[in-house]
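Walk me through this fold, from its cysteines to its pockets. Where should a reader begin?

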Amino acid sequence: MNAGLVPATRRGKEKRVHFDIFPSGAFGVAVGYPLDTVKVRIQTQRNHLSVWQCALSIVRTEGLRGFYKGMSMPVTTVSISSSVVFGTYRNVLQCLSQLRHSSPEAPPTKLHIFLSGLAGGVAQVSVMAPADIVKVRLQCQTEPYKFPNVDFKPKYRGPVHCLLTIAREEGILGLYKGAGALALRDGPSFAIYFLTYNSICSWLTEEHHKKPEWKVVLLAGGISGTCGWCVGTPMDVIKARLQMDGMGEKSYRGFFHCITKSVRTEGPKVLFKGLGLNCVRAFPVNMAVFAMYEVVVRFLHSVS
């Protein structure tokens, strides 16, 4: 997923955890961003035949910095979106525990974890959608490199200019293109993410240990991120295509038309474009996120 979110065990630590998420989330974005750029282009541009061909094309025409186009937007917004997911997850989890056990501190059931993760993933769409469409459009802005001998000015000069241009040309709702697909991606993905993480930590942690061991946290983070993307990739493809459907000729009339047209012209496998990259990226990214998170938590504990 975009950010690793560690379920808190005590409400007294929640405020601190909100701040801890920023460096871990930003670190995770930076680690996986080159693969994310390749993934987005494969999903939205038909001229790429393989991952390696796409990566080599980026290096040849844009240099290494081509892999990091638009990265500042998710890096600067990751703390907000992660806090929304985390806060919603914790609040819904406590409400469900309160309803079932009359105590917010009661151990959550697997169903409660799943529903809380689902709510958290959907809740972050309001914050994440504008940042995500800016990221995708900047990642796919390749026109200046197609005509190197022509004085071709890019449509978007940067993240802020891209945000303002979309709002001016397509309206405020233009910033939320693909938001429905984003909600259908992140809701189930975060539900599986939290459920998998908690289940693995529970299975591999001995009863006399209050917290899972370091290796268990890393393993659980990597596997949970991979499982989340296995569920979310089909909607990830549709989301990216809808978001790009404003830069040139309009191809899709809406969400369902995008699905039917994509499947009709490219086959059902189109819904799994980028799945391999998502899984390859998810494991180390979520391991890095959890590692950085633990480093920050331990540092803050040592100075408090």
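A disulfide here is a pair of cysteine sulfur atoms within 2.5 Å. The model is predicted, and by that rule it holds zero disulfides. Take Cys 54 as a test case. Its closest cysteine sulfur belongs to Cys 140, and the gap is 8.9 Å. That is too far for a bond, because the cut-off is 2.5 Å. Cys 54 is also buried, with a relative accessible area of 0%. Cys 258 is buried as well, and its relative accessible area is 0%.

Next, the confidence. The average pLDDT of the protein is 85. A score of at least 70 is reached by 86% of the residues. Residues 3-17 are another matter, with pLDDT below 50. Even so, this stretch has 45 contacts in the model beyond near neighbours in sequence.

Now the overall architecture. The protein has eleven helices and zero strands. Read along the sequence, the pattern is α-α-α-α-α-α-α-α-α-α-α. Of the 304 residues, 51% are buried. How do the contacts spread along the sequence? Count those between residues at least 6 apart in sequence, and 76% of them join residues at least 24 apart.

One pair gives a concrete example of separation in sequence and space. Asn 91 sits in helix α3, which covers residues 72-101. Gly 120 is 29 residues away from Asn 91 in sequence. In space, the two C-alpha atoms are 9.4 Å apart. Is Asn 91 buried or exposed? Neither label fits, because its relative accessible area is 43%, and that makes Asn 91 partly exposed.

Finally, turn to the second largest pocket. Its volume is about 670 Å³. The lining consists of 24 residues. Nearest the centre lie Thr 44, Gln 45, Arg 46, Asn 47 and Met 244. Which helices supply at least two lining residues each? They are α1 (14-44), α2 (51-62), α6 (143-146), α9 (214-244) and α10 (255-266). What is the chemical make-up of this lining by class? Ten of its residues are charged, nine are polar and five are nonpolar.

Some of these elements tie back to the earlier points. Helix α1 spans residues 14-44, while the stretch with pLDDT below 50 covers residues 3-17. For a last look, return to the pocket centre, where Met 244 is among the residues that lie nearest.

How values were computed:
Residues numbered from 1 in each chain as written. Predicted model: local features only at pLDDT ≥ 70, side-chain atom pairs only at ≥ 80, totals over all residues. Heavy atoms only, no water. 1 Å grid on protein atoms, 1.4 Å probe; cavity = no way out; pocket = protein on both sides within 12 Å on 5 of 7 lines; lining within 4 Å. Points joined across faces, edges and corners; volume = space filled by probe spheres on them. Helix = DSSP H or I, 4+ residues; strand = E, 2+ residues; numbered from the N terminus. Nonpolar A, V, L, I, M, F, W, Y, C, P; charged D, E, K, R; others polar. Buried < 20%, exposed > 50% of the residue type's maximum accessible area, 1.4 Å probe, protein only. pLDDT = per-residue confidence, 0-100. Contact = heavy atoms within 4.5 Å.
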